[in-house]
Each structure stands twice: as structure tokens, then as C-alpha cells.
Amino acid sequence: MTLREILSLLEAEVLTSTADLEKEVPCAFASDLISDILMCTKEPTLLLTGLTNPQVIRLSDMIDLLGIVFVRGKVPPQELIEMAEERKLVLFTTKLTMYRSSGILYNSGLRSCKI
Amino acid sequence: MAEYWNINPQYETAVKHFLANKPEAEVTLEFEIGVRDFVNSGKGSAEVKNVLKRLGIDPTILRRIAVASYEAEINVTAHSNGGHMTSCVYDDLVYIRFVDKGPGISDIEQAMVPGWSTADDLVREMGFGAGLGLPNIKKNSDVMHITSEYGDSTALEIMIFYA
């Protein structure tokens, strides 16, 4: 599934100015706990989260995130968006809840990240 | 002084040899870790990962190294009075040592139990404090060694082999 398809399925908005929406995303993970997210060491993944502090971007330095979707209508501070742009990391925001977003993506064929 | 060891049996001989000889590293990186500096915390681990990436280390091993190191860096940030991180890169392994300025861990065995945490509300709001920091370090490292004295400092050493 491409980032563009994810954007459309989640009725999301792009927050970053640089975004390669044709990038293929093989899997996803959803959590609001950083240690949970750090279980994703086996393959690069899309992240769905409600966390909007800069440590979320720092996570992408550690575990190779393919993009981040902020759920429940959350919009991170500008400094976080700039940190993502420096890393060419795509950020989306959606008004949908984490549960609903995950369900939509899973039903559309996006599998869980291996942990 | 309380102590905790976990060694992957596969590397026991190599680890004994390393600890007995303490060879000189190819590259050494030093980082200060500020008290509750959640803006900069993680930079040290990211830098280690970048150096290792240039050496062509397998991406899965790189992520294990980064996660173990990052959890330790966050622990120093969230729970200590500040500390220091020294990363030593060798041609077959990375050795990272974290030393803080206290206050020490009162019960290491308890701290190793998944889900147990002493994190306060601020730390939890940021998404930390799941009580998985030390278990995650154990899971992703080949050697984990903690020495701590309650009321004094804590030292954590980790080693991860590239193959």
C-alpha cells in the first residue's frame, strides 16, 4: 500500500512539505507507548500514534519509521514537523481514532509490523 | 553494591575474552546526558547508529543496537541526576557504557520486571514509563550488566555483536 492510499483511506492531511506519497508501506504499528513502539526492530514500519512530543521523531532515528500518522486529530508542534522534514519523514494527521484508523488500514490489506 | 548480569550464551567466550583484555576501540563517542533533557535525549544513540550504519552493519542489528542504547539513554534522562554515555565501536561488536550521578536503583531484580516503573506523570505523558525500558535493553543486547548502589550512581554496560 502506498502512502497516498493511506492518506485517502484515513481522510488524512499531510503535515510535512516534503512527502514522497508513492512510497510503499508494507506494514504498520499503533501505540501511544514508546517502549511498545521500540519493539518494531525487525522491519521498517508506518506508525499510528497520539504522541506529539519530539521523542516520537527521535524514534524514527532508532527503528526506521516509514511515516507517522497522528490520530484523534492531533497536530504536533512546528519544531516536530521541522525535525521530520530534516529526516524526509512523512507526517499525516487524521481525525479518526487509533482503533478506527488501524481497522480501516488492516481491512484494506495493510498487515501488522513483525515484532 | 547490587549487580545484574545477562549474557547471551552464544557469546560467553567472546565476552570473557573482551572483558579480560579490554581492547582499544576503533571509534569512541562521548555524550553528556542532561537531567530530564527530553529535547536532546536520544541524540547519542542516533549518532552511534549513524556511525555503525556507515560500517555496513545489518539493518536489523542496527535497530537492536539503537533501541537498547536509546532505552538506556532515556532511563538516564528520566530517572537520574544526569550522566554520561561512552560508546566504543569495534570491528565485531559495539560496547556502550552509561554512568549516572545517582540516585541509584533500590532493587534491580524488581526494576527488571516488565511493567514495573517509577516514572512520574510528566514522563508518562510523553509516552515513557511503560516499565519496559530495562526488559527492552535485555531483549536487544547480547550483554547487559548493571551495577548500582542505592543513594549513589548506577552504571549500565551493554554489548551487541554484529553477527
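# Exercises on a two-chain predicted model

In this predicted model, seven bridges join S3(B) to strand S4 (residues 93-100) of chain B, and these strands run antiparallel. The exercises below start from that strand pair and then move to the helices, the core, chain A and the contact between the chains.

## Exercise 1. Strand pairing in chain B

Determine how S3(B) is joined to S4(B), and which strand of chain B is joined to S3(B) by a further set of seven bridges.

*Solution.*

Step 1. Examine the connection between S3(B) and S4(B). A hairpin links them through three residues.

Step 2. Locate a pair of residues across this connection. Thr86(B) lies opposite Arg97(B) of S4(B).

Step 3. Turn to the other pairing. Strand S2 (residues 27-33) of chain B is joined by seven bridges to strand S3 (residues 83-89) of chain B, and the two run antiparallel. In this pairing, Val27(B) stands opposite Val89(B) of S3(B).

Step 4. Recall a general point when inspecting side chains. In a regular strand, side chains alternate between the two faces of the sheet.

## Exercise 2. Overall form of chain B

State the order of helices and strands in chain B, and decide how the chain stands against the globule rule.

*Solution.*

Step 1. Count the elements. Chain B contains six helices and six strands.

Step 2. Read them along the sequence. The pattern is β-α-β-α-α-β-β-α-α-α-β-β.

Step 3. Apply the rule. For 163 residues the globule rule gives 15 Å, and the radius of gyration of chain B is 15 Å, close to that value; chain B is therefore as compact as a globular protein of that length.

Step 4. Add the dimensions and the contacts. Along the principal axes, the C-alpha atoms of chain B fill a box of roughly 40 × 30 × 25 Å. Of the contacts in chain B between residues at least 6 apart in sequence, 64% join residues at least 24 apart.

## Exercise 3. Two helices of chain B

For H1(B), find how many of its ten residues are buried; for H3(B), find how many of its 21 residues are buried.

*Solution.*

Step 1. Set the background. In chain B, 37% of the 163 residues count as buried.

Step 2. Consider helix H1 (residues 12-21) of chain B. One of its ten residues is buried, and the helix is hardly covered. Just after H1(B), Lys22(B) adopts a positive phi of about 40°.

Step 3. Consider H3(B). Here 18 of the 21 residues are buried, so the helix is largely enclosed by the rest of the structure.

Step 4. Check the length of H3(B). From its first C-alpha to its last, the helix reaches 30 Å, close to the 30 Å expected at 1.5 Å a residue.

## Exercise 4. The largest nonpolar core

Identify the residues that touch the most other members of the largest nonpolar core, and the element that gives the largest share of it.

*Solution.*

Step 1. Find the residues. The core has 68 residues, of which Val69(A) and Ile158(B) touch the most other members.

Step 2. Find the element. Helix H3 (residues 59-79) of chain B gives the largest share of this core, ten residues.

Step 3. Look around Ile158(B). Beyond its neighbours within four places in sequence, Ile158(B) has contacts that include Ala68(B), Ala72(B), Ile96(B) and Ile137(B).

## Exercise 5. Chain A and its sheet

Give the strand order of the open sheet in chain A and name its edge strands.

*Solution.*

Step 1. Count the elements. Chain A has five helices and six strands, arranged from the N terminus as α-β-β-α-β-α-β-α-β-α-β.

Step 2. Order the strands. The open sheet of six strands runs S1-S5-S4-S3-S2-S6 (chain A), with mixed pairing. Its edge strands, each pairing on one side only, are strand S1 (13-14) and strand S6 (111-112) of chain A.

Step 3. Inspect one pairing. Strand S2 (residues 27-30) and strand S3 (residues 45-49) of chain A run parallel and are joined by three bridges. Ala30(A) has Leu48(A) as its bridge partner in S3(A).

Step 4. Assess burial. Buried residues account for 43% of the 115 residues in chain A.

## Exercise 6. The contact between the chains

Establish which element gives the most residues to the side of chain A that touches chain B.

*Solution.*

Step 1. Count both sides. In the contact, 17 residues of chain A meet 22 residues of chain B.

Step 2. List the contributors. Helix H2 (34-37) and helix H3 (55-63) of chain A are the elements that give two or more residues to this side of chain A.

Step 3. Select between them. H3(A) gives the most, with five residues.

Step 4. Classify the residues. The side of chain A that touches chain B has seven nonpolar, four polar and six charged residues.

Key: Residues are numbered from 1 along each chain as its sequence is written. Chains are lettered from A and ligands numbered from 1 in the order in which they are written. This is a predicted model: local features need pLDDT of at least 70, side-chain atom pairs count only at pLDDT 80 or more; totals for chains, interfaces and linings use all residues. Two residues are in contact if their C-beta atoms, placed from the backbone, lie within 7 Å. Helices (H or I, at least four residues) and strands (E, at least two) are DSSP runs, numbered from the N terminus. Ala, Val, Leu, Ile, Met, Phe, Trp, Tyr, Cys and Pro count as nonpolar, Asp, Glu, Lys and Arg as charged, and the others, Gly among them, as polar. A residue is buried if 20 or more other C-beta atoms lie within 10 Å of its own, exposed if 12 or fewer, and partly exposed in between; C-beta atoms are placed from the backbone. A nonpolar core is a set of buried Ala, Val, Leu, Ile, Met, Phe, Trp, Tyr and Cys residues joined through C-beta atoms within 7 Å. Two strands pair if DSSP finds at least two bridges between them. The radius of gyration is taken over C-alpha atoms; the globule rule is 2.2 Å times the number of residues to the power 0.38. The expected span of a helix is 1.5 Å times one less than its number of residues.
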